[in-house]
Amino acid sequence: MSEFSPLPHSKIGLETLGLQNLKNVYWNLPTPALYEEALKRNEGILAHLGPLVVRTGQFTGRSPNDKFVVEEPSSKDKIWWGKVNRPYSPDRFEELERRMASYLQGKDIFVQDCYCGADPDYRMPVRIITQYAWHSLFIRNMFIQPRPEELPDFEPEFVVIDCPGFHANVEVDKTNSDVFILVNFGTKKVLIGGTEYAGEMKKSVFTAMNYFLPLKNVMPMHCSANIGQDGETAVFFGLSGTGKTTLSADSTRTLIGDDEHGWSDNGVFNFEGGCYAKIIRLSPEAEPEIYDTTRRFGTILENVGIHSDVRRLDLDDATLTENTRAAYPISHIPNASKDGMGGHPKNIIFLTADAFGVLPPISQLTREQAMYHFLSGYTAKVAGTERGVTEPQATFSACFGAPFMAQHPNVYAELLGKKIEKYQVNCWLVNTGWTGGPYGEGSRMKIKYTRAMVNAALNGKLDDVEYQEDPNFGVQVPLSCPNVPEEVLIPKNTWKDKAAYDKQARKLAEMFVNNFKQFEDKVLDKVKKAAPQL
């Protein structure tokens, strides 16, 4: 076995993981060296101006049905078992790990020792072992690099072994398919096989943080965060397509991070050292900071269209997937925070893209309403995504990130409620979806209006305006907002058919109530009463 490292590497080797008889081990290679290895191995191609364009094969997104959590004594009673966290046998995990180690014998592997978490008090040292050079570059982009002098004494608390070429045997391993993402909180390991989609590694580490941090009274959050010129921190929760990355990447504010954060007694901190942005049909006018990252050395572009003759990108090309992605170090964003830290948030914004067209474009929430909407995690998918679907479909994802919540959602909701109360946080629900009718009849809320409403909330310009209670959802709706027409603020006023609005609003309210039944035995009565009124 040969080891290659441009810097000192950890004294804790791979033999502790049962990885032996390897060919070449590449420790903590920097970005240029990983480019060279990826290109040498035909893992990607170099595009005009320097990004690395890669393909993820059959899987262009996560495989949630292939994720399992090992049912072991130390975590068994804390896990939110069910559709998200399905149990897996410790013995089968051990056997599959042994076979994976056997598969890697005689092969090259890449190792990155890094930190998840910018706050030194709560960061987790993570070791990521990958089969592909570009996966190692992805990890180098996404997480926080130790200083060279820290590497010799680096002790990984959590290990991810990522092996796209190794597939499970469904009959023997009792997996859902030959793809697997197996999380073991007891041994603090994740095994990933059969998929080339790099996001599985990132989200596995996020899942680990979601399990361990609440045990330290720290709130893990699937959110973006930024800091205003007044030094006040804002947090943005939202599912894919709601504007979480777009609205937080404001050139007038300092970006802490775009996806995953913790909230401790020290304040808000980024889990990551990079961003993983969805870039299909990315516009240089609407999102100039993110667009510029697609033209930079060090950026990885997943499944993005490229003209092979001139190596120029086509960001509108969805031939392979709508889920085209850019993975880049956060330093590529000119207004990004250098230390990944912010204070306690003054404002929390829940983003939803309501394709039914009935939620107000902005409304203020009480603490209990914030906990209710956090547990609900609502957005809507538009019609036409599947054959026969002719109207919007409601999507509820607890904590705005159910697939990554290891413990019961109410654990996170109670943490959120305590912190909102302790730090006197203003909470807002912002609908970036439809107005004037549902999808197909109304129109998408103009982003300039959404930006104006968000800015007004963050800058205190909605503090002294008159409010009106929404009759269906009980939230407080401002009757005026700078640079936004008043008629836009009350959704019913934008509908021609008022009776149709009432019918649609009741329909969505019923969906909220039905979805929330799964949480009713765990939450306080005050939170239950924050439900829409039927």
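**Group meeting: burial, rings and cavities in a predicted model**

I'll begin with Ala 118, which sits in the loop between strand S7 (109-116) and strand S8 (124-130). Keep in mind throughout that this is a predicted model. Ala 118 has a relative accessibility of 17%, and the cut-off for buried is under 20%, so Ala 118 counts as buried. What does Ala 118 touch, not counting residues up to four places away in sequence? The list is Ile 144, Phe 269, Asn 270, Asp 339, Gly 340 and Met 341. There is also a long-range relation here: Ala 118 and Lys 338 are 220 residues apart in sequence, while their C-alpha atoms are 10.0 Å apart in space.

One of those contacts of Ala 118, Phe 269, takes us to the rings. The structure holds 32 aromatic pairs. In the pair of Phe 269 and Phe 271, the ring centres are 5.8 Å apart and the planes make 50 degrees, so this pair is tilted. Both of these Phe residues, 269 and 271, are buried. Elsewhere, ring pairs join Tyr 372, Tyr 378, Phe 396, Phe 473, Phe 512, Phe 516 and Phe 519 into a cluster.

Two charged side chains also sit over rings. Lys 107 lies over the face of Tyr 103, 4.1 Å from the ring centre. Arg 325 does so over Tyr 276, at 5.0 Å from the ring centre.

Next, the nonpolar cores. In soluble globular proteins, nonpolar side chains tend to be buried together. The largest core here has 109 residues, and the members that touch the most others are Phe 138, Phe 185, Phe 237, Ile 348, Phe 350 and Phe 374. Helix H5 (residues 199-212) supplies the largest share of this core, seven residues. Another core, of 25 residues, lies apart from it and includes Leu 19, Val 70, Tyr 88 and Val 111.

Take Phe 374 as an example from the largest core. Leaving aside neighbours within four places in sequence, Phe 374 is in contact with Met 219, Phe 237, Phe 350, Ala 398, Cys 399, Phe 400, Tyr 412, Ala 413 and Leu 416.

Phe 138, also on that list of core members, belongs to the buried residues of helix H3. How many residues of helix H3 (residues 133-142) are buried? The count is 10 of the 10, so H3 is largely enclosed by the rest of the structure. Among the buried residues of H3 are His 135, Arg 140 and Asn 141.

Helix H2 (residues 90-104) holds Glu 97, and Pro 90 is found in H2 too. Are they buried or partly exposed? Glu 97 is buried, with a relative accessible area of 13%, whereas Pro 90, at 38%, counts as partly exposed. With residues up to four places away set aside, Glu 97 touches Leu 17, Lys 189 and Leu 191. On the same basis, Pro 90 is in contact with Val 70 and Glu 71. The C-alpha atoms of Pro 90 and Asp 354, 264 residues apart along the chain, are separated by 42 Å.

Last, the cavities. There are six of 30 Å³ or more, and the largest contains about 70 Å³ of space. Which helix gives the most to its lining? Helix H5 does, with four residues. Residues that line this cavity include Arg 62, Lys 67, Glu 200, Lys 203 and Phe 404. H5 therefore comes up twice in this talk, as it also gives the largest share of the 109-residue core.

Note on methods. Residues are numbered from 1 along each chain as its sequence is written. This is a predicted model: local features need pLDDT of at least 70, side-chain atom pairs count only at pLDDT 80 or more; totals for chains, interfaces and linings use all residues. Side-chain values use heavy atoms; hydrogens and water are left out. Rings of Phe, Tyr and Trp (its six-membered ring) pair if their centres lie within 6.5 Å; planes under 30 degrees apart count as stacked, over 60 as edge-to-face and the rest as tilted. Buried means under 20% relative accessible area, exposed over 50%, partly exposed in between (1.4 Å probe, protein chains only). A charge sits over a ring if NZ of Lys or CZ of Arg is within 6 Å of the ring centre and within 35 degrees of the ring normal. A nonpolar core is a set of buried Ala, Val, Leu, Ile, Met, Phe, Trp, Tyr and Cys residues joined through side-chain atoms within 4.5 Å. Helices (H or I, at least four residues) and strands (E, at least two) are DSSP runs, numbered from the N terminus. Contact means heavy atoms within 4.5 Å. On a 1 Å grid over the protein atoms alone, a cavity is a set of points where a 1.4 Å probe fits but cannot get out, and a pocket is an open set with protein on both sides within 12 Å along at least five of seven lines; lining residues have an atom within 4 Å of a point. Grid points are joined across faces, edges and corners, and a volume is the space filled by probe spheres set on the points.
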